[in-house]
Each structure stands twice: as C-alpha cells, then as structure tokens.
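Reader: I'm new to this one. Could you walk me through it?

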Amino acid sequence: MSHHREEHLELCAALVLGALDESDRIELAAHRAAGCPECEREIVRLEAAAQLLARSAPAATPSPALRARTLAAVAAEARAAAGASRESEHRILPLPERRGSAWMPWVFAAAAAFLAVASIMLWREGEELRGSLETTRRDLATSQQRLLEEQRWTAVLDALDARAVSLAPTPDGAADLRGRGTWDPATRRAVIVFDHVAAPTGHDYQLWGIHPGGPRSLGVVRPDASGRAIVRLEDAGDPATLQAFAISLEPEGGSPNPNAPSGPVVMVGRVPS
Amino acid sequence: MTEPDSDRDCMERLRAGDAAALEVLYDRHTPLLYSVALRIVRRAADAEDVIQETWLQAWRNASGYDPARGSVAGWLVTIARSRAIDRFRSLASRLQAETAVEPAEGPAGDEPGASAVAGQLRARVGAALEALPGRQRESLELAYFGGLSQSEIAARLGAPLGTVKSWCRQGLLRLRELVPEEEWT
C-alpha cells in the first residue's frame, strides 16, 4: 500500500534519534506496518550510530550513595513482588472446616433411638447446609477470581506509568474507525476499545504492535454486534521498542504471515514515548 | 557459551529474579548511563533520580530485553535516555531547566573505575562529531540529548524542515563512517 520513498529513510533517522514529528511518526509506522525491508535495514544501521552519540556525553560519575540507594530500591521491590505473590495465593478467604461427627452419649436405649432419629434429621439438614455451603464457596471463589481479574485490568488504567493510546484511521481506513485505550509499560498490559470495527464479510481486523524489528501480531479483533471491541492484551510487547499500534484489514482469521499484515493498514496510533 | 558475568548472562539471572545480577550490571553500565542522563537533564540530582528509575525499570522489565535486537548497554541507554528526556521535559515545562546551564557537577574526564576503552571511544566519537558540519552536529545533539523533534530543531536553527531531516540522516551515516565499527563496544 504505502510505497517506499527516499523520505522514509530520513524518517528512520528521526526515529532512532527520537525526533519524529507526530505526522511523520504515523506515516512511518503505517509504511513499516506494510513491511519495508529497506527501512528495517536502515533502522539497524542508524540505530548503531545513535548509540555512538550516547558515548559522546562528557564522562561523569554519580555519588557513591546512589549505588546503595538504587540497589536498596530494587531489593525492596524484589521483596514486595515476592510478598505479593505469596499473598495472592492466600487471597481466597478460607471458610471454616466442617465439623466432625457429633459425639453421641450412651445413656438409655430409648434416648439412643430418639437420638438416632434426631441425628438422621440433623445429618440431612447438615448435608443440605453443606451442599449450599459448597455452592456458596464455589461462587465466592469465582467472584473473588473475577474481582482479582478486574482489578488486574483496572490497574492498567491507573498505573503510574500508564500511557494513553489513540488510534486514528489511515487514508486506507474508514473515517469512523476509532480506537482508544491505555497501555502500562511496567506490566506490558494494555486495554484498547475499538469502535466500528465490524469487518466486511470474509475479513477480520487484526491488531499489530509496531517495533523497530517489524510488526508483531497481537491477534484478531473480535467485535460485538454493535461493532465495538474491547481488547485486553496480557503482553502488548516490549516497552523499550513498542512504537505504535496498528490495525490491518485481513482475510478471515488474520494475516497468513504472523510478522506482517497482508492487507491495508487502516488504523495507526503511536505509543507516547 | 557465555561467561558467568557477561551482560547477557546477567540479564538471564535478572529475568529469573536474581537481584544480585543487577549489581554487576550497575557497576558496569552506570558510568555511561549517568553521563548520558546528566547531559540531558543537566543537574546531578535529576540525573541520579533518572539512574534509579532506569535500574528499577530494567529490573521490572528484564524480560523485555531481546538479545536478538542488540546489546544490553544499548537497551539500558535507550531506557535511561527516554527517562531523562521525560524528566527534562517536565522540568522544562516548569521553566526550571532554562536557568540550569552546563553540567557543572560531576568530575569530567576523570572517571575512577571506568575503562580506558570508554574514554577512547568518547574521544573518537567527539572527534567525529567535531568533523561534521556544524549544523548537522547541532541537529543530532538537539535531537538525541535535547529531546527536540525535527520541526522543533528546524525552528531552533532557523532552517527548513526538509534540510533538518536530511542533516539528521547524513550526520548519523557520517558518524558511522568516521568511527570504525571495531571500536564500538
């Protein structure tokens, strides 16, 4: 769709310098999403030169206290992470164990008979209660799990480092295509809501993460009857290299090539750096 | 086979949750990361915060490092640079950065513990930058250390946007030529 031009090589230089203007970023992301080996090679070449620039910074030494402070901060986080995983294992509330069978006193035969009848009744009632307790326990566990799951995803929204993501249609996409969401580089999770993504019959929309090494499929978008889709990504890709999200129009089931769209890129949204 | 303490081996250990591996990487790479951060944010206190954030991010995101895509140093520099530019921008938006000037803090030139190789490479890249036409060099520096976009650079230098775009690419390509590949480490 988008043909390689000399200007794209200049945009590759801007990309590795982190100096792309907004419109150029979209232009380059759409161009690369369509697959351009020339630009990919250029990016590798220029990236090495940009790394050389880093070496030109005047030598400086931080205070020795920084080392202790930084290592302590990492150690604290490592401990917290270990603690959190232990805690989550125990987050489902334990319910009281059911009691063992009741002790039955031996006094009179009559009393024994009476007690036998009574205990059968109690046992039945107990069984019923136990049954409903089991059901409640299962429901509770399911709700807890659902709640944890929801909390995990809402955490993407209020994460300290969360970035807003907004996808806009390219010239190849219908003007009413919309995509908005949030991406958390720390956990690599993302939630993106798309509107008007009901693909024509025999086609699917496919989501891509755009990296310097090329596009990576993030799966096919499955809209509801109204054309809306809420995409929850467990791993949106490496935050150090993720540059943009893009949507392409593909044959049903997605692009035959997992590393490149086969159809036109209809939406692109850069990832704020 | 990797050496026990090679960068990539340390990244493996980091990924497995071994915080001790971070110590090795810290000692090896902090001089470079700090130099880059200080060049961008200009104040030692800010640069130190950037370094702490950088290592925390490297720790949290160790699995994000892909050896196929480049060196560990390059990955770390990318994190530190983007952290530093974020910080510099938020400082600049509070108009504080305008008053800060040259990196007055931190001993320049003399780095205890840093390898002579790093010093040599620095000199080599410095000389290569000097050899570039002035505005090509300025464009590269404003982009990489100043965090400016190409249109901002064009406005700053009073040059057409198209020219700035070409300076950036030509400058990078020339830098590659001037510093022999075997000296990149």
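Reader: Before we start on the rest, which residue just after α1(B) takes a positive phi?

Author: Keep in mind that this is a predicted model. Helix α1 of chain B covers residues 7-15. Just after α1(B), a phi of about 90° is taken by G17(B).

Reader: Okay, and which residues in that helix α1 of chain B are buried?

Author: Buried here means under 20% relative accessible area. D7(B) has 19%, so D7(B) counts as buried. The full list for the helix is D7(B), D9(B), C10(B), M11(B) and L14(B).

Reader: What does the side chain of D7(B) meet in a salt bridge?

Author: The partner lies in helix α2 of chain B, while D7(B) is in helix α1, so the pair ties together parts that are 21 residues apart in sequence. At 38% relative accessibility, that partner is partly exposed. The N to O distance is 2.5 Å, and the partner is R28(B).

Reader: Which helix gives the most to the largest nonpolar core?

Author: That core has 83 residues, and L17(A), W55(B) and L172(B) touch the most other members. Domain 1 (1-103) and domain 2 (112-185) of chain B both contribute, so the core lies between them. With 12 residues, the top contributor is helix α2 (residues 19-41) of chain B.

Reader: How far apart in chain A are E27(A) and R5(A), which share a salt bridge?

Author: Their side chains meet at 3.7 Å, N to O. E27(A) sits in helix α2 (residues 22-33), and R5(A) in the segment before α1 (6-17). The separation between them is 22 residues.

Methods:
Residues are numbered from 1 along each chain as its sequence is written. Chains are lettered from A and ligands numbered from 1 in the order in which they are written. This is a predicted model: local features need pLDDT of at least 70, side-chain atom pairs count only at pLDDT 80 or more; totals for chains, interfaces and linings use all residues. Side-chain values use heavy atoms; hydrogens and water are left out. A nonpolar core is a set of buried Ala, Val, Leu, Ile, Met, Phe, Trp, Tyr and Cys residues joined through side-chain atoms within 4.5 Å. Buried means under 20% relative accessible area, exposed over 50%, partly exposed in between (1.4 Å probe, protein chains only). Helices (H or I, at least four residues) and strands (E, at least two) are DSSP runs, numbered from the N terminus. Domain bounds come from an automatic or database domain assignment. A salt bridge is a side-chain nitrogen of Lys or Arg within 4 Å of a carboxyl oxygen of Asp or Glu.
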